[in-house]
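Student: I have a sequence and a model open in front of me, and I would like to learn how to read them. Could we go through the features one by one?

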Amino acid sequence: MFIISFKRKKCIGCYSCIESSPLHFKMSKKDGKSFLLNSIKKKNFFILKTKNWGTFLNCKKASIVCPVKIIMLNSQFY
Ligand code: SF4
């Protein structure tokens with residue numbers, strides 16, 4: 001299981017994650033911050049849990065290009 005955590009509050013709306021991972025990130029027209037699609041809000045983070053390797057890799061790309069480093073990835077194996 002891969003866990004992507006996104007601290008949306010700190011997003012500066014630079015579009016880098018959307019350009020590198022358009023299937024998983026989208027810009028909000030309301031507040032100019034990015035959304036992690038299919039994530040659920042937990043306290044200060046938006047969390048996406050997935051078993052999909054492609055999703056993990058795409059979010060990894062987004063985490064690398066994010067200038068404020070608010071996209072974090074973890075993995076859990078049982
Ligand atoms: S790359 Fe980071 S700062 Fe830029 S829009 Fe995406 S989440 Fe926000």
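Tutor: Happily! Let us start with a definition: helices and strands here are DSSP runs, at least four residues for a helix and at least two for a strand, numbered from the N terminus. Keep in mind that this is a predicted model.

Student: Which pattern does the chain follow along the sequence?

Tutor: Reading along, you meet β-α-β-β-β-β-α-β. That comes to two helices and six strands.

Student: In what order do the strands form the sheet?

Tutor: The general idea comes first. Strands of a sheet pair through backbone hydrogen bonds, and the pairing is either parallel or antiparallel. In this case, four strands form an open sheet in the order β4-β5-β1-β6, with antiparallel pairing. The edges are held by β4 (40–42) and β6 (71–75); each has a single partner strand, so one side of each lacks a neighbour in the sheet. On average, neighbouring strands here are turned by 30° against each other, ignoring direction.

Student: How many bridges join β4 to β5?

Tutor: Three bridges link β4 to β5 (residues 45–50), and the two strands run antiparallel. To find one on your screen, go to Lys41: its bridge partner in β5 is Phe46.

Student: What does helix α2 touch when it packs on the sheet?

Tutor: Helix α2 (residues 53–65) touches β1 (2–6), β5 and β6, and its direction makes about 145° with that of β6.

Student: Let me stay with the edge strand β6. Which residues is Asn74 in contact with, leaving aside its neighbours within four places in sequence?

Tutor: Asn74, which lies in strand β6, is in contact with Met1, Phe2 and Ile3. Now look at the separation: Asn74 and Ile3 are 71 residues apart in sequence, but 5.1 Å apart in space, C-alpha to C-alpha. At 46% relative accessibility, Asn74 counts as partly exposed.

Student: And Lys26, is that residue buried or exposed?

Tutor: The cut-off helps here: exposed means over 50% relative accessible area. Lys26 has 51%, so it is exposed. This residue lies in strand β2 (residues 25–27). Beyond its neighbours within four places in sequence, Lys26 is in contact with Ile18, Lys33, Ser34, Phe35 and Leu37. Lys26 and Leu36 are 10 residues apart in sequence and 6.8 Å apart in space, C-alpha to C-alpha.

Student: As a bench person I always check cysteines. How many disulfides does the count come to?

Tutor: A disulfide is a covalent bond between the sulfur atoms of two cysteines. In this model the count comes to zero disulfides. Cys14 is partly exposed, with a relative accessible area of 37%, while Cys17 counts as buried at 9%.

Student: Now for the whole chain. How does the radius of gyration agree with that of a compact globule?

Tutor: For 78 residues, a compact globule would have a radius of gyration near 12 Å, and the chain has 11 Å, which agrees. The C-alpha trace spans about 40 × 25 × 20 Å along its principal axes.

Student: What share of the residues counts as buried, and how much area does the chain expose?

Tutor: Of the 78 residues, 41% count as buried. The chain exposes about 5300 Å², with carbon and sulfur atoms supplying 58% of that area. One last number for your notebook: among contacts between residues at least 6 apart in sequence, 62% join residues at least 24 apart.

Terms used. Residues are numbered from 1 along each chain as its sequence is written. This is a predicted model: local features need pLDDT of at least 70, side-chain atom pairs count only at pLDDT 80 or more; totals for chains, interfaces and linings use all residues. Side-chain values use heavy atoms; hydrogens and water are left out. Two strands pair if DSSP finds at least two bridges between them. Axes are lines fitted to C-alpha atoms, for helices over the stretch in contact, and angles run from 0 to 180 degrees between N-to-C directions. Contact means heavy atoms within 4.5 Å. The radius of gyration is taken over C-alpha atoms; the globule rule is 2.2 Å times the number of residues to the power 0.38. Buried means under 20% relative accessible area, exposed over 50%, partly exposed in between (1.4 Å probe, protein chains only). Accessible areas come from the Shrake-Rupley method with a 1.4 Å probe; for residues, only the protein chains shown count as cover. A disulfide is a pair of cysteine sulfur atoms within 2.5 Å.
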